[in-house]
Amino acid sequence: MSDRLISAPSLAELQTHRSEKWRGFTHDILPLPVAEMDFPVADGIREVLSEMISKSDLGYLGSIPEMGTSFSGFAKRRWNWDVEPTFVRIATDVGVAVVELLRVFAKPGDKVLISSPVYQNFYTWINETKIAMVDVPFIKNAEEADGTGWSHDWAGIEKAYQSGLKVHLLCSPHNPMGKVYSREDLLRIVALSKKHGVIVISDEIHAPLTFKEQPFTPLLALGEDAAEVGVAVNAASKGWNIAGLKCAIIISQSAKMHEKLNELPPALHYRASLLGAFATVAAFEKGELWLNTVIEQLDHNRKLIAELIKEKIPTIGYTIPHCSYLAWLDVSKLNLGEDPGAAIVERAKVAFNPGHIYGASGKDYVRLNFATSPEIITEAFNRMARAL
């Protein structure tokens, strides 16, 4: 392993933080659930925030053409994706963006497709809009070509499309499995959507944090059919750890879809944060060196987990994720009962996200956030090894 590239603060300092991750548990519990990073904020973001605060520039968000041009530049450099800057819109956060998009493309009682296990707030958003959820779960498949151990149930997905779907809500890259969809899989979804008149909303919030061996493909970079049926949602909140600043973006790829999105409430833009919007611009324009450094540290950490499992608790199942900083751990062989996450908190004083919140097929799993120091990750496994 190479020397550490970016350092998280000490546990004692992190325990002074005010976010949910650090206020959600007493200090005797090591918290590794909420998907936020423990690393210092990128200098470019810190500078723009400091400047705005020093000038008392803290009013309401207004015109910000820099958002479209900054994301367009980042998307071209990162993924060779050509984005029209004027087709980039602002929302409060990814959750609000998805809820409002669901309201544009469906009405209560219409059907929306998901595939569990999936990010738990997908269920929250769907419930909020009163749309009927159709779940076609991923299939556990040790032979899956990408090595994640989970594959699409294509027969089930096609059957769901034929049943009269309005929307397919996609988590791409996938949380919590760490799966990055292949270009072929995305093209298959686009073809089904085109055939059956379904809109695909692609939540791409983890896209900046993908690793080299499984390149990320933006849904809207896949040609005219994708532009016709797709909408993407993204943010700097995961990639640069600024979720508390409240800003996300909605991207369309065709003039027709851009026009359709004029049905979104105008207030969607103004409910975002002024600080969040300009911090996001700084991330896209000036934050790539920091992002690359963080990805190298996360690469170290995801491999460290494999080593710690092998050394200390080899009965845990773990596939190294292809994106982000979330490890999807199979703890079924530990015999921890109906709620393994709760048992680990009680016995080992380590908090993970319990797998059942992502769907029934996740009940034997926990999700670990490894965007922290190697010392904290090692301490978590030491605690588990002693207690379990």
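## The second largest pocket

About 400 Å³ of space lies in the second largest pocket of this structure, which is a predicted model. The lining of this pocket consists of 20 residues, and Thr 210, Phe 211, Lys 212, Ile 295 and Glu 296 are those nearest its centre.

Two helices, α4 (66-79) and α13, each supply at least two residues of this lining. Helix α13 gives the most, with seven residues. By class, the lining of the second largest pocket comprises nine nonpolar, four polar and seven charged residues.

## The largest pocket

The largest pocket holds about 1200 Å³ of space. It is lined by 46 residues, of which Glu 36, Ser 237, Ile 242, Ala 243 and Gly 244 are the closest to its centre. Four elements give two or more residues to this lining: α2 (20-23), α3 (43-54), α5 (94-105) and α6 (121-129).

Among the elements, α5 gives the most to the lining of the largest pocket, namely four residues. The lining as a whole divides into 23 nonpolar, 11 polar and 12 charged residues.

## Cavities

Besides the pockets, the structure contains two cavities of 30 Å³ or more. The largest cavity has a volume of about 70 Å³. Its lining is made up of 13 residues, with Ser 115, His 168, Leu 169, Leu 170 and Tyr 181 lying nearest the centre. Strand β7 (residues 167-171) provides the largest share of this lining, four residues. Nine of the lining residues of the largest cavity are nonpolar and four are polar, while none is charged.

The second largest cavity has a volume of about 40 Å³. Its lining is formed by His 174, Asn 175, Pro 176, Gly 178, His 206, Cys 323, Ser 324 and Leu 326. Of these residues, three are nonpolar and five are polar, and again none is charged.

## Nonpolar cores

The largest nonpolar core has 82 residues, and the members that touch the most others are Met 67, Phe 71, Trp 240, Leu 329 and Phe 381. Helix α13 (residues 288-312) contributes the largest share of this core, nine residues. A second, separate core of 33 residues includes Tyr 123, Trp 125, Val 231 and Ile 250.

Leu 329 illustrates how a member of the largest core is surrounded. Apart from its neighbours within four places in sequence, Leu 329 is in contact with Ile 309, Ile 316, Gly 317, Tyr 318, Asp 364, Tyr 365, Val 366, Leu 368 and Phe 381. One of these partners, Phe 381, is itself among the core members with the most contacts to other members.

## A four-stranded sheet

Four strands make up an open sheet in the order β11-β12-β15-β14, with antiparallel pairing. Strands β11 (317-318) and β14 (353-354) stand at the edges and have a single partner strand each, so one side of each is left without a neighbour in the sheet.

The edge strand β11 is joined by two bridges to strand β12 (residues 326-330), and the two run antiparallel. Within this pair, Gly 317 has Asp 330 in β12 as its bridge partner.

## Strand β2 and its partner

Strand β2 (residues 88-91) pairs with strand β10 (residues 248-251) in the antiparallel sense, over four bridges. Ile 90 has Ile 249 in β10 as its bridge partner.

In a regular strand, side chains alternate between the two faces of the sheet. In β2, Val 88 and Ile 90 point one way, whereas Arg 89 and Ala 91 point the other way. All four of these residues, Arg 89 included, are buried.

## The surroundings of Val 134

Val 134 belongs to strand β4 (residues 132-135). Is this residue buried, exposed or partly exposed? Val 134 counts as partly exposed because its relative accessibility is 21%, and buried means under 20%.

Leaving out its neighbours within four places in sequence, Val 134 is in contact with Lys 111, Val 112, Leu 113, Ile 114, Ala 160 and Leu 165. Val 134 and Asn 369 are 235 residues apart along the chain, and their C-alpha atoms are separated by 28 Å.

Definitions and conventions:
Residues are numbered from 1 along each chain as its sequence is written. This is a predicted model: local features need pLDDT of at least 70, side-chain atom pairs count only at pLDDT 80 or more; totals for chains, interfaces and linings use all residues. Side-chain values use heavy atoms; hydrogens and water are left out. On a 1 Å grid over the protein atoms alone, a cavity is a set of points where a 1.4 Å probe fits but cannot get out, and a pocket is an open set with protein on both sides within 12 Å along at least five of seven lines; lining residues have an atom within 4 Å of a point. Grid points are joined across faces, edges and corners, and a volume is the space filled by probe spheres set on the points. Ala, Val, Leu, Ile, Met, Phe, Trp, Tyr, Cys and Pro count as nonpolar, Asp, Glu, Lys and Arg as charged, and the others, Gly among them, as polar. A nonpolar core is a set of buried Ala, Val, Leu, Ile, Met, Phe, Trp, Tyr and Cys residues joined through side-chain atoms within 4.5 Å. Buried means under 20% relative accessible area, exposed over 50%, partly exposed in between (1.4 Å probe, protein chains only). Contact means heavy atoms within 4.5 Å. Two strands pair if DSSP finds at least two bridges between them.
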